[in-house]
Amino acid sequence: MLTVDDLEVRYGRLAAVRSVSLTVARGEIVCIVGPNGAGKSTTLLTIAGELAPYRGDIAVDGDRLTGLASEAVARRGVSLVPEGRRIFGTLTVEENLRLATFQRRDRAAAARDLADLRLRFPILAERYGSPAGRLSGGEQQILAVARAMATRPRLMLVDEPSLGLAPQNVDLVYALLRELRAGGMTLLIVEQNLDRVLEVADRIYVLRDGRVQLTGFVAELRGSDALEQAYFGFTRKRGNGA
Ligand SMILES: Nc1ncnc2c1ncn2[C@@H]1O[C@H](COP(=O)(O)OP(=O)(O)OP(=O)(O)O)[C@@H](O)[C@H]1O
Ligand SMILES: [Mg+2]
């Protein structure tokens, strides 16, 4: 579904992403992992059209997205749940969700989707008229995912959904992401927590210094020295010495 080919992204003279190629098939959960500054968020922001690539190509279902603005990318069914959630804290929960549907032309369907989201997330429904800034971190993350759902994406890009959340909220958010996949959504997730990634992902890409260091199926990489080496730059000592 998603193809990213030899992507390079620069901030001024700094190449934050040097060469990243990746694919996501329909219905997959693919995770990007890697240390701070590896270029994970930059990759997602560029796919979402919030940054323009310096080189490379991005396509969804054969539609070329390279260089399109974020609104145009969203119209083609790609939605970003940004790092740090970027909820509008002074707007109500309802207003945050409504904003996400503003550019949809199918107004009647958009209104139905908002009603469905309200039913689906009682946590949000209870606070529908309250400023979103009063929600807990976990609730805000759920709102951020619900907001992305309100655009009816076929591909959701999720940047560090567990950042700053208490463990039970991380469980909640990941349960929701798994539910979405069960409902047919395709997901590309950036996640720092390697153990969480190994639980949820079908495939992973390990990024370091703006390049793909390692990629493969989780089923094959789980527990491998290659994965630890790529992710940590060293192998964690095993208790049994095996
Ligand atoms: N707006 C910006 N202007 C200039 N440099 C930036 C900007 N955003 C990120 N960078 C730099 O680009 C590189 C990649 O950053 P990026 O945010 O993509 O990394 P990341 O893998 O998401 O890291 P983290 O795990 O900390 O979120 C880093 O060196 C970072 O300092
Ligand atoms: Mg990041």
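Which residue takes a positive phi in the hairpin of β1 and β2? The views below start from the whole protein and come to that hairpin in the second legend.

**View 1. Welcome to the whole protein, with its 10 helices and 10 strands.** This is a predicted model, in which local features need pLDDT of at least 70 and side-chain atom pairs count only at pLDDT 80 or more, while totals for chains, interfaces and linings use all residues. Residues are numbered from 1 along each chain as its sequence is written, and chains are lettered from A and ligands numbered from 1 in the order in which they are written. Helices (H or I, at least four residues) and strands (E, at least two) are DSSP runs, numbered from the N terminus. The radius of gyration, taken over C-alpha atoms, is 18 Å, close to the 18 Å from the globule rule (2.2 Å times the number of residues to the power 0.38) for 242 residues, so the protein is as compact as a globular protein of that length. Along the principal axes, its C-alpha atoms fill a box of roughly 55 × 40 × 30 Å.

**View 2. Here is the hairpin of β1 and β2.** Strand β1 (residues 2–11) runs antiparallel to β2 (14–24), and seven bridges join them; strands pair if DSSP finds at least two bridges between them. Val 9 has Val 17 of β2 as its bridge partner. Two residues lie between the strands, and Gly 12 is the answer to the opening question, with a positive phi near 60°. β1 also pairs with strand β4 (residues 55–60), again in the antiparallel sense, over five bridges. In that pairing, Leu 2 is matched with Val 60 of β4.

**View 3. Now meet the residues around ligand 1.** The shell includes Tyr 11, Leu 14 and Ala 16, together with Gly 34, Asn 36, Gly 37, Ala 38 and Gly 39, and then Lys 40, Ser 41 and Thr 42. A residue is near a molecule if its C-beta atom, placed from the backbone, lies within 6 Å of it. Both β2 and α1 (40–47) give two or more residues to this shell, and the largest share, three residues, comes from α1. By class, four residues are nonpolar, six are polar and one is charged; Ala, Val, Leu, Ile, Met, Phe, Trp, Tyr, Cys and Pro count as nonpolar, Asp, Glu, Lys and Arg as charged, and the others, Gly among them, as polar.

**View 4. A look along helix α1 shows that eight of its eight residues are buried.** Buried means that 20 or more other C-beta atoms, placed from the backbone, lie within 10 Å of the residue's own. Lys 40 is among the buried residues, as are Thr 43, Leu 44 and Ile 47. After the helix comes Gly 49, with a positive phi near 85°.

**View 5. Finally, step inside the largest nonpolar core, a set of 66 residues.** Such a core consists of buried Ala, Val, Leu, Ile, Met, Phe, Trp, Tyr and Cys residues joined through C-beta atoms within 7 Å. Cys 31, Leu 143, Ala 146, Leu 157 and Ile 204 touch the most other members, and helix α6 (residues 137–149) gives the largest share, seven residues. Ala 146 is found in α6 and counts as buried because it has 22 C-beta neighbours inside 10 Å. Beyond its neighbours within four places in sequence, Ala 146 is in contact (C-beta atoms within 7 Å) with Leu 97, Leu 117, Phe 121 and Leu 124. With the same neighbours in sequence left aside, Cys 31 has contacts that include Ile 189, Val 197 and Ile 204.

Note on methods. Buried ≥ 20, exposed ≤ 12 C-beta atoms within 10 Å, placed from the backbone. Contact = placed C-beta atoms within 7 Å.
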